[in-house]
Amino acid sequence: MVELETKPDVERCLDRVEAWWHREILDRPPVTLAVRSGREPRKIPTHHATLRDRWMDVEYAIDCAEARIEAAAFVAETFPKYHPNLGPEVCATCYGAELEFSEGTTWSVPILDTIGGALRRQPDLETPLIKGTTGVVVLTSAESKPRPTYGCISCGRCLDACPVFLNPTSLGLLAQAARFEEMEEEYHLADCMLCGSCSYVCPSNIPLSQMFGMAKAQLYRLKTRAA
Ligand code: SF4
Ligand code: SF4
């Protein structure tokens, strides 16, 4: 556990971010700045035989992350974080690819000869996290208690919350009516990235993004059956 001694104003910064999510501003809007501190991180000795061994050594990775955090500057609402920086192709390992390890990142060894081969491969669903997982939301037990669902009151909060400017209200009504093709053709369901923002803000607790995920799956099934 890294003490937040490198970010003594963390509580105030978190308050600013929290207020922002509630469409309020405290003393100023939250700001994130990437700047170099000018300090060199402490060197962590390595005695690994191969780059693969080094990458797979979790203790070593944590020591290096701590050293980088100690030497970094966390200005305004920029928070200390650890990013393992596994390469962009790490999700290919779910399909059986091996990784090649370099100093700064990883690359997958190609396993496909033709594009058709991609369609025949099945992912290994035992893999808990892939690169496509961009965030994990951790809720307290109180926050994760089931909440009753009510009808849509046309408040428009989900429209304001959608980062890709979709219409979750209409999409939700169509999903409830199993009108999946209309969702795709007229309301751009394919652009929905299932971020969950609409569900989170909905005062009626309508599980919008969950319904959109199911609609996408249903459309996929309909298309593969028709092919
Ligand atoms: S889950 Fe889809 S519709 Fe809802 S806010 Fe995210 S992108 Fe928009
Ligand atoms: S946030 Fe919920 S209640 Fe409000 S318009 Fe969207 S679906 Fe309806």
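How many residues surround ligand 1, and which are the closest? Select ligand 1 in this predicted model. The count is 15 residues, and the closest are Cys162, Cys192, Cys195, Cys198 and Ser209. Two elements give two or more residues to this shell: helix 8, residues 197–201, and helix 9, residues 208–226. Helix 9 supplies the largest share, three residues. Colour the shell by class. You should find 12 nonpolar residues, three polar ones and no charged ones.

**Ligand 2**

Move to ligand 2. Here too, 15 residues stand around the ligand. Label the nearest: Cys152, Cys155, Arg157, Cys158 and Cys202. Now show helix 5 (157–161) and helix 6, the elements that each put two or more residues into the shell around ligand 2. Helix 6 gives the most, with three residues. Colour by class again. The shell around ligand 2 splits into nine nonpolar, five polar and one charged residue.

**The whole protein**

Zoom out and switch to cartoon. The protein has nine helices and two strands. Trace the chain from its start: the order is α-α-α-β-β-α-α-α-α-α-α. Of the 227 residues, 14% are buried. Take the contacts with a separation of 6 or more: 55% of them join residues 24 or more positions apart.

**The largest nonpolar core**

Next, select Leu171, Ala175, Met183, Leu189, Leu208, Phe212 and Ala215. These residues have the most contacts inside the largest nonpolar core, which has 18 residues. Helix 6 (168–176), helix 7 (180–187) and helix 9 are the elements that give two or more residues to this core. Helix 9 contributes the most, four residues. As a general point, nonpolar side chains tend to be buried together in soluble globular proteins.

Centre on Met183. Which residues does Met183 contact, leaving aside neighbours within four places in sequence? They are Leu171, Leu174, Ala175, Leu189 and Ala215.

**Helix 7 against helix 9**

Keep helix 7 and helix 9 on screen and hide the rest. Their axes come within 9 Å and cross at roughly 100°. Helix 7 is therefore roughly perpendicular to helix 9. Show side chains at the crossing. From helix 7, pick Phe180, Met183 and Glu184; they meet Ala215, Gln218 and Leu219 of helix 9. By class, this contact has four nonpolar residues, one polar and one charged. Met183 and Ala215 appear here and also among the core residues with the most contacts.

**A stop in helix 1**

Finish at helix 1, residues 10–21, and select Ala19, which is found in this helix. Is Ala19 buried, partly exposed or exposed? Count the other C-beta atoms within 10 Å of its own: there are 15. A residue needs 20 or more to be buried, and 12 or fewer to be exposed. Ala19 is therefore partly exposed.

Display the contacts of Ala19. Not counting residues up to four places away in sequence, Ala19 touches Glu24, Ile25 and Leu26. Then draw a distance from the C-alpha atom of Ala19 to that of Pro29. The two residues are 10 apart along the chain, and their C-alpha atoms are separated by 8.9 Å.

Definitions and conventions:
Residues numbered from 1 in each chain as written. Chains lettered and ligands numbered in written order. Predicted model: local features only at pLDDT ≥ 70, side-chain atom pairs only at ≥ 80, totals over all residues. Contact = placed C-beta atoms within 7 Å. Near = placed C-beta within 6 Å. Nonpolar A, V, L, I, M, F, W, Y, C, P; charged D, E, K, R; others polar. Core = buried A, V, L, I, M, F, W, Y, C linked by C-beta atoms within 7 Å. Axes fitted to C-alpha atoms, helices over the stretch in contact; angles between N-to-C directions. Parallel < 35°, antiparallel > 145°, perpendicular 65-115°, else oblique.
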